[in-house]
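Q: I have a new model open and I don't know my way around yet. Can you walk me through it?

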Amino acid sequence: MGIIIGGGFLLIILIAVMFLYLSPEFGGVPTKEQKMAYAKSPNYRGGKFINKEEVKLDMSMRDMGKSLAGFFGSLPNTKPPMDIPVDKLDSLEIVQKKDSTRLVWFGHSTFLLQISSKTILIDPMFGKVPAPHPMLATTRFSKELPIDVEKLPNIDVVLISHDHYDHLDYGSIQKLKDKVKMFYVPLGVGAHLREWGVERERIMEMDWWQETSHEDIIIRCTPAQHFSGRGITDRARTLWSSWVIQSNNNKIFFSGDSGYGPHFKEIGDKFGPFDIAMLECGQYNEMWPDIHMFPEQTAQAGLDVRSRLIMPIHWGAFKLAMHPWTEPVERVSVKAKELNLEVLTPRIGEPININKIEASTSEWWK
C-alpha cells in the first residue's frame, strides 16, 4: 500500500512538473539581451521589476492558508446566484461606429475602446477561467460575452497591463493575434506574445512614463503598484503598468491592477484631467492591502487622477477574493457620493459614449 501511495504521489509531481514546463499557457522568457536592456530601467533591480513604494508581496503561511480556505470554501455571495446577463454586440456595428469615442465593458478589466476611428482592446481576457488550468479557478460569471472573439473585426491596438492570467490569456491571444495590428505592453511581457506566435515587429514594450504614437493616438505607459508572474519562479520578471490613451478630443485612464499610492496623483498632475478613469475595484483583501485597492481608495484615486467620471472595474466576472461579488461596486458608489464624484456602472456589453453618456448607471446587479 505504501508503494502504491508513494508511486501515486510521484506521478502527481511528475505530471505537475511536465505541465509547468510544457504547457504554452505559461508563456515565454525574455532573452539575456533583453534582460540587460531592462537593467537600464529605474524600475528594475536585481533581475526583477520593483514598485515605487515599499510593497509587501509575500503572505505568511497562516494568511496563505486562510486565503486558500476562503477561496475554495463556501463563503456566501462570492458569486452571483445565476449567470449574469450581457448585452450583445454586432460586429458590423463595431465596424460602422467611427464618429465618437465609446467603451464597451466585457466584465473584469476587459474593454473594447473605439477612439479616433481606431479600435482598441484593453486587457483582452475572453477565457472562461483566469488560470493555466480549469481546475485551478472558478469559471466566469456569465456564459456569454458581448461578442464572440471570432466575430470581432480587425483590431488596431491591444494594450496589456501585466501578465497575470485574468489580464493576459493565452487562448484569447491565439484567437486575436492574426487580426491585431500592434500590441503595446510593459517591459518583458512581449516574451509571452512572441512565444505564442506574435511577430516581434508587432510588439512594443514600454517602461513607465514612456509614450508613443499610434497614428493620431498617444499611448502612455504609466505606473501601477502591483506585481507579475505566470509560474512558480517568475514573480516580478515582467513589468506591470497603467495606461493613458489620448486622442485630439479625449483622454482616458486605465489603472490596470494597482494598490493605492501616490502614483495616481502624479499621473493626474502630469496628464489629467481625464474624461473617464477605469479604476480597479475588486479582488481586495486585508491580507494583500498593497497590491489591490479597497473601494474607498478607488474613489480617492479617481480624485487623484483628476477624472470627471470613474468606472469601477476588476469585478463582475471572476471570483479571485473572498468578498461578496457586488460589494466593490456598492462600496465605491457610497464613497464616490461622499466625494461628489460621478460613477458609471454600465451593464456588461452596454456601449458607453464618452462625450454623451448614454450608459445606464442603474444597479443592474440587483
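Q: Which residue is the bridge partner of Leu 112 in β5?
A: Leu 121 is the bridge partner of Leu 112. Strands here are DSSP runs of E, at least two residues long, and helices are runs of H or I, at least four long, all numbered from the N terminus.

Q: What should I know about the model and its numbering?
A: The model is predicted: local features need pLDDT of at least 70, side-chain atom pairs count only at pLDDT 80 or more, and totals for chains, interfaces and linings use all residues. Residues are numbered from 1 along each chain as its sequence is written, and side-chain values use heavy atoms, with hydrogens and water left out.

Q: Back to that pair. How do β4 and β5 run?
A: Antiparallel, over 5 bridges. β4 covers residues 111-115 and β5 covers 118-122. Two strands count as paired if DSSP finds at least two bridges between them.

Q: What is the strand order in their sheet?
A: The order is β8-β7-β6-β5-β4-β3-β16, in an open sheet of 7 strands with mixed pairing. The edges are β8 (203-206) and β16 (352-353), each paired on one side only.

Q: What about the sheet with β10 in it?
A: That open sheet has 7 strands too, ordered β9-β10-β11-β12-β13-β14-β15, with mixed pairing. β9 (211-214) and β15 (342-343) are its edge strands.

Q: What joins β9 to β10?
A: 4 bridges, with the strands antiparallel. Glu 211 stands opposite Arg 220. The two strands form a hairpin with 2 residues between them, and Glu 215 in the turn has a positive phi of about 55°.

Q: And on to β11, how many bridges from β10?
A: 5 bridges, again antiparallel. Cys 221 faces Trp 243 there. As for cover, 5 of the 6 residues of β10 are buried (under 20% relative accessible area with a 1.4 Å probe, protein chains only; exposed is over 50%, partly exposed in between).

Q: Switching to helices. Which residues of α7 are buried?
A: His 263, Phe 264, Ile 267, Gly 268 and Phe 271. They fall within an arc of 140° seen down the axis, so they line one face of the helix. The arc is taken from the directions from the helix axis to the C-beta atoms.

Q: What do they pack against?
A: β10, β11, β12 (251-254), β13 and α8. Contact means heavy atoms within 4.5 Å.

Q: Where does α8 lie?
A: Across β13 (276-280) and β14 (309-313), running at about 150° to β13. Axes are lines fitted to C-alpha atoms, for helices over the stretch in contact, and angles between N-to-C directions run from 0 to 180 degrees. Cover for the buried residues of α8 includes α7, β13, β14 and α9 (327-338). Just after α8, Arg 306 has a positive phi of about 65°.

Q: One more spot: His 108. Buried or exposed?
A: Buried, at a relative accessible area of 1%. His 108 sits in the loop between β3 (102-105) and β4.

Q: What does His 108 touch?
A: Beyond residues up to four places away in sequence, its contacts include Asp 166, His 167, Gln 283 and Trp 315. His 108 and Gly 316 are 208 residues apart in sequence, yet 5.7 Å apart in space, C-alpha to C-alpha.
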